[in-house]
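Please examine the model shown below, together with its sequence. The account that follows is intended to be read alongside both.

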Amino acid sequence: MNFTTKKRYETDGSVTEFFATVLSCERAGDGYDTILSETAFFPGGGGQEGDEGTLDGVPVTALTERGEAILHRTDRPFPVGSTVCGKLNALLRLRRMQAHSGEHVLSGLLHSLYGSENVGFHLGEGETVTIDTSKRLTDAELTRAEYEANLAVAENRPVKISFPDPETLKTLVYRSKKELTGRVRIVTIEGVDVCACCAPHVARTGEIGQIRILSRMAWKGGLRLTVLCGLAAYEDAKRKTETVKALSALLSAKPEEVADAAKKMKERLDEELKKAALRAAAKREETLRALRERERTEEPAVLWEDGLSRKDMTEYANELSKKTGSLAAVLTEENGRIAYTAASAALDMKKIAPRINEALSGSGGGSSSMIFGSAETTREKAEAFFRSFIPQENDKR
Ligand SMILES: [Zn+2]
């Protein structure tokens with residue numbers, strides 16, 4: 001049998017509690033699908049999720065449309081002919097309406113101001129709205145549209161729902177993402193937007209509270225805008241205020257001057273880093289010159305320097321190994337351990353590596369000419385070990 005549910009959400013988004021008669025109730029999935037004489041539950045569509053709520057205190061877990069009927073899934077059945085009380089999660093409904101009606105206001109303005117179509121709309125987690133525009137709008141254009149949108153909110157314009165007959169519809173200019181057939185629902189925001197839409201909306205734009213464009217990125221031929229409206233926009237602003245407050249304390253700057261203060265700090269830091277890099281390069285040149293001028297001996301050659309990079313260690317060990325008939329070791333501290341690079345022109349470092357690891361409780365390895373490793377030891381012990389290293393007969397290459 002074909003049932004018809006009166007859809008209260010189509011004409012009045014503010015209804016969040018209602019009484020209705022059970023027209024049918026049938027087993028479905030792991031629960032029951034109930035059709036009511038009327039409902040405020042929006043089943044979802046047009047980029048917006050279905051409502052949440054209860055029937056006589058029993059949670060509605062799914063909503064589907066079947067012809068002109070709305071099916072409410074619950075895990076308990078309801079007797080046909082009985083009266084049930086439906087209750088929506090009213091706050092969630094309000095937040096979604098703020099987001100969706102806000103999207104209509106902004107999209108309508110982007111259309112009337114710049115001729116940009118809304119080619120994609122999604123209402124996501126936390127009522128975050130994404131709008132895809134058909135045109136690549138400038139920041140100045142977006143700023144203007146955002147201002148006009150908030151002006152329309154402040155003017156508290158009426159949001160009207162209508163179902164024009166086919167003749168009237170033919171003459172009506174309205175936004176729509178697809179070709180529509182049958183009964184078309186038109187949402188008109190006076191002076192701002194006319195759009196075909198199936199979702200519940202606020203009664204007046206003042207309920208939207210505010211509309212903020214948070215970000216924009218290039219998307220196909222246009223932009224993808226991330227927008228927050230109403231309570232979600234307020235919560236976002238609140239979080240950002242807290243962030244600015246924390247930055248203000250860190251930078252010892254007034255909240256409205258944190259960007260300037262951060263810019264100055266970054267410039268100072270960049271300058272310091274540049275100077276430090278120059279100092280490091282000069283020090284490196286000095287070390288390399290000293291290594292090149294060093295006398296050649298048959299004793300092990302050991303070099304310690306603080307804060308050496310692996311690249312420095314390789315280069316120094318290479319240079320130092322030319323000055324010894326034994327091995328050359330370059331040492332530094334790295335994350336609380338002693339890092340070492342040992343090289344030799346005469347000895348096979350691969351054969352020596354296990355003895356080094358054992359003596360210093362370290363781990364490392366590499367090629368015949370150079371090994372890398374790190375050890376749980378002290379600078380003194382590591383230096384003493386390498387200085388007193390005596391090669392064995394079969395260490396030779
Ligand atoms: Zn819509």
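The paragraphs below treat a metal site, a sheet, a helix packed on that sheet, and a further set of strands.

The structure is a predicted model, and the zinc ion offers a convenient point of entry. Its coordinating atoms are NE2 of His100, NE2 of His104 and SG of Cys197, at 2.1 to 2.3 Å. Along the chain, these donors follow the spacing H-x3-H-x92-C. Histidine 104 belongs to helix H2, whereas cysteine 197 sits in the loop between strand E14 (193-196) and E15, so the pair ties together parts that are 93 residues apart in sequence. Both of these residues may be examined for exposure. Histidine 104 has a relative accessibility of 2% and therefore counts as buried. Cysteine 197, with a relative accessible area of 13%, is also buried.

Strand E15 (211-219) leads from this site to an open sheet of 4 strands. The order in this sheet is E10-E11-E16-E15, and the pairing is antiparallel. Strand E10 (118-123) and E15 stand at the edges with a single partner strand each, so one side of each lacks a neighbour in the sheet. From one strand to the next, the twist averages 20°. The antiparallel pairing of E15 with E16 extends over 8 bridges, and serine 215 has threonine 226, in E16, as its bridge partner. Helix H3 (residues 139-154) packs on the sheet, where it touches E15 and E16; the direction of H3 makes about 150° with that of E15.

Helix H5 also meets these two strands: it lies across E15 and E16, running at about 90° to E16. H5 comprises 22 residues, 230-251, and reaches 31 Å from its first C-alpha to its last, close to the 32 Å expected at 1.5 Å a residue. Which residues of H5 are buried? They are Gly230, Ala232, Ala233, Asp236, Ser248 and Leu251. Viewed down the axis of H5, the buried residues fall within an arc of 150°, so they line one face of the helix. The general geometry is helpful here: an α-helix has 3.6 residues a turn, so residues three or four places apart point the same way. On the other side of H5, Arg239, Lys245 and Ala249 are exposed.

The partners of the buried residues connect H5 to the elements already described. These residues pack against helix H2 (90-114), strand E15, strand E16 (222-229) and helix H6 (258-293). Helix H2 is thus a contact partner of H5 as well as the helix in which histidine 104 lies. Just after H5, serine 252 takes a positive phi of about 50°.

Attention may now turn to strand E21, which spans residues 370-375. E21 is mostly covered, as 5 of its 6 residues are buried. Strand E19 (residues 337-343) pairs with E21 in the antiparallel sense over 6 bridges; alanine 343 has methionine 370, in E21, as its bridge partner. Strand E20 (residues 362-366) also pairs with E21 in the antiparallel sense, over 5 bridges. Here the bridge partner of glycine 366 is isoleucine 371 of E21. E20 and E21 are joined by a hairpin through 3 residues.

How values were computed:
Residues numbered from 1 in each chain as written. Predicted model: local features only at pLDDT ≥ 70, side-chain atom pairs only at ≥ 80, totals over all residues. Heavy atoms only, no water. Expected span 1.5 Å × (residues − 1). Buried < 20%, exposed > 50% of the residue type's maximum accessible area, 1.4 Å probe, protein only. Arc of directions from axis to C-beta. Contact = heavy atoms within 4.5 Å. Pairing = 2+ DSSP bridges. Axes fitted to C-alpha atoms, helices over the stretch in contact; angles between N-to-C directions. Donors = N, O, S within 2.8 Å, 3.2 Å for Na, K, Ca; no water.
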